[in-house]
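Please open the structure in your viewer and keep the selection tool at hand. The tour proceeds from one selection to the next.

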There are 2 protein chains.
Amino acid sequence: MTYCIGLKLEGGLVLLSDTRTNAGVDNVSRYRKMFTWEVPDDRALAVLTAGNLSITQGVITRLNRAIVDFKSDPERECILNAESMFRVAQIVGDTLRDLQERHRQSLEAQGAGADASLILAGQRAGGSHRLYLIYSAGNFVEATDDTPFFQLGEHKYGKPILDRVITPQTPIPIALKAAMVSMDSTLRSNLSVGMPLDLAVIPTGALAFAVRRRIEPDDAEFQNISAEWSNALRNAFDSLPEVVASG
Amino acid sequence: MTYCIGLKLEGGLVLLSDTRTNAGVDNVSRYRKMFTWEVPDDRALAVLTAGNLSITQGVITRLNRAIVDFKSDPERECILNAESMFRVAQIVGDTLRDLQERHRQSLEAQGAGADASLILAGQRAGGSHRLYLIYSAGNFVEATDDTPFFQLGEHKYGKPILDRVITPQTPIPIALKAAMVSMDSTLRSNLSVGMPLDLAVIPTGALAFAVRRRIEPDDAEFQNISAEWSNALRNAFDSLPEVVASG
């Protein structure tokens with residue numbers, strides 16, 4: 001499984017993903033699930049992936065192949081010259097659907113799932129910052145003020161803290177804490193989600209990444225948040241009134 | 001869906017269940033999922049149910065029918081005269097398997113799921129208190145010191161707090177708080193779990209229920225825990241150190 005978070009805030013886009021993949025419980029690997037592209041002063045894009053790894057790797061390979069083609073032929077469309085984030089989402093969605101159509105029948109004949117889903121985040125010059133959730137069929141929905149975040153994979157453990165904390169007005173440092181706490185809760189309760197993590201931040205209007213880094217298991221900041229959250233949660237729980245529950 | 005919790009503590013058994021059932025999202029009903037039996041000074045038993053409602057209702061009906069039969073013929077075995085909690089678990093598991101066998105084929109032909117699972121908790125005179133998780137196939141596992149709780153249904157939202165708080169040594173008042181917080185997190189994040197709740201406590205050695213009551217949506221104690229937890233969680237989150245996440 002997987003756990004990925006994408007937050008769309010007034011201040012920018014925050015993205016966090018794990019790296020664990022598994023085929024059954026006895027075949028566990030580590031793969032990056034966050035892919036980023038940056039063209040200074042023009043656009044910053046990120047794609048987070050979940051689902052069948054051969055499908056999602058195929059999507060990223062094709063997106064990158066189209067960028068290579070575009071460099072030799074500027075008429076070719078790719079995610080780096082698409083005219084809007086909506087068009088980028090269409091390109092990514094179409095690529096995902098094409099790979100599904102190519103492989104679904106043979107995958108399902110083997111009893112394997114072909115499903116995959118993606119989070120696309122980014123901003124291009126002249127447009128506002130956008131966050132999309134792209135489904136296996138290639139269709140997609142966009143985050144709004146009512147629903148300012150998306151999750152992929154093992155989303156349930158870490159959803160309550162996001163539900164409580166994240167609004168479009170949440171400042172980025174607070175959102176980073178919430179994303180880390182959400183990931184920490186998931187890591188603790190589900191073996192199919194694992195360190196290291198990838199973290200990225202695209203501030204609104206920057207057209208560039210302010211943060212793009214790997215969080216290793218010994219990362220002091222994440223360890224600190226994890227330990228402090230454990231203490232704070234324990235104290236919060238201890239502070240609750242006694243339950244009498246008579247009768 | 002459903003959310004049920006069973007905790008096995010040194011001090012006794014704590015059980016909490018919701019009442020929402022649904023066939024799709026547009027056919028939502030309220031059904032009790034906790035069933036209790038008490039024979040003073042001999043035994044106190046509780047069964048919590050999840051899964052196909054026709055199957056779980058059938059199980060409870062058959063268990064009660066066997067009790068009626070036993071009252072007219074003391075030779076007939078039922079959950080109120082079974083010689084051990086293990087034997088009670090076998091009877092409940094066999095009943096569940098029989099109903100599965102009877103209905104699975106026609107249910108699956110209709111595209112409906114036949115699966116159901118149960119939590120059985122109780123103590124009989126001369127034995128220790130026990131907690132079992134009974135699967136669709138009628139097999140079951142028992143809670144131990146390493147795994148002192150079971151959950152049914154939508155278990156992920158409310159698992160982190162149980163993972164952090166519940167040990168066999170947790171006192172019952174603390175366990176009640178944890179169960180309520182776990183349920184509150186689930187109610188907030190998943191529409192398929194809903195009020196009112198049913199709560200029961202069987203203290204070790206009591207052979208009787210100390211608590212057996214319904215928690216309605218306007219229950220002051222649950223509302224208070226829910227509100228205080230919301231505040232305490234918010235404060236806990238606010239108390240975390242700043243995240244810099246440079247790079």
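What follows is a tour of selected side chains in a predicted model.

**A buried glutamine**

Begin by selecting A:Gln100, which lies in helix H2 (residues 85–109) of chain A. Is this residue buried or exposed? A:Gln100 counts as buried because its relative accessibility is 3%, below the 20% cut-off. Next, add A:Ser136 to the selection: a polar contact of 3.3 Å joins its side chain to that of A:Gln100. Setting aside neighbours within four places in sequence, A:Gln100 is also in contact with other residues, including A:Ile55, A:Ala114, A:Asp115 and A:Ala116.

**Aromatic pairs**

Over all chains, the count comes to 6 aromatic pairs. One of them is formed by A:Tyr132 and A:Phe140; their arrangement is edge-to-face, with 5.4 Å from centre to centre and 80° between the planes. A:Tyr132 is buried at 1% relative accessibility, whereas A:Phe140 is partly exposed at 21%. Add A:Phe86 to the view, as ring pairs link A:Phe86, A:Tyr132 and A:Phe140 into a cluster.

**Across the two chains**

Now select A:Trp229 and B:Phe237. Their ring centres are 6.4 Å apart and their planes stand at 80°, so this pair is edge-to-face. The pair crosses between chains: A:Trp229 belongs to helix H5 (residues 220–238) of chain A, and B:Phe237 to helix H5 (residues 220–238) of chain B. Both A:Trp229 and B:Phe237 are buried.

Keep B:Phe237 selected and add A:Lys177. Where does this lysine lie? A:Lys177 is placed over the face of B:Phe237, 5.3 Å from the ring centre. Finally, select B:Lys177, which lies over the face of A:Phe237 at 5.3 Å from the ring centre.

Methods:
Residues numbered from 1 in each chain as written. Chains lettered and ligands numbered in written order. Predicted model: local features only at pLDDT ≥ 70, side-chain atom pairs only at ≥ 80, totals over all residues. Heavy atoms only, no water. Helix = DSSP H or I, 4+ residues; strand = E, 2+ residues; numbered from the N terminus. Buried < 20%, exposed > 50% of the residue type's maximum accessible area, 1.4 Å probe, protein only. Polar contact = N/O pair within 3.5 Å; in protein donor to acceptor, adjacent residues only side chain to side chain. Contact = heavy atoms within 4.5 Å. Phe/Tyr/Trp six-rings, centres within 6.5 Å; stacked < 30°, edge-to-face > 60°. Lys NZ or Arg CZ within 6 Å of the ring centre and 35° of its normal.
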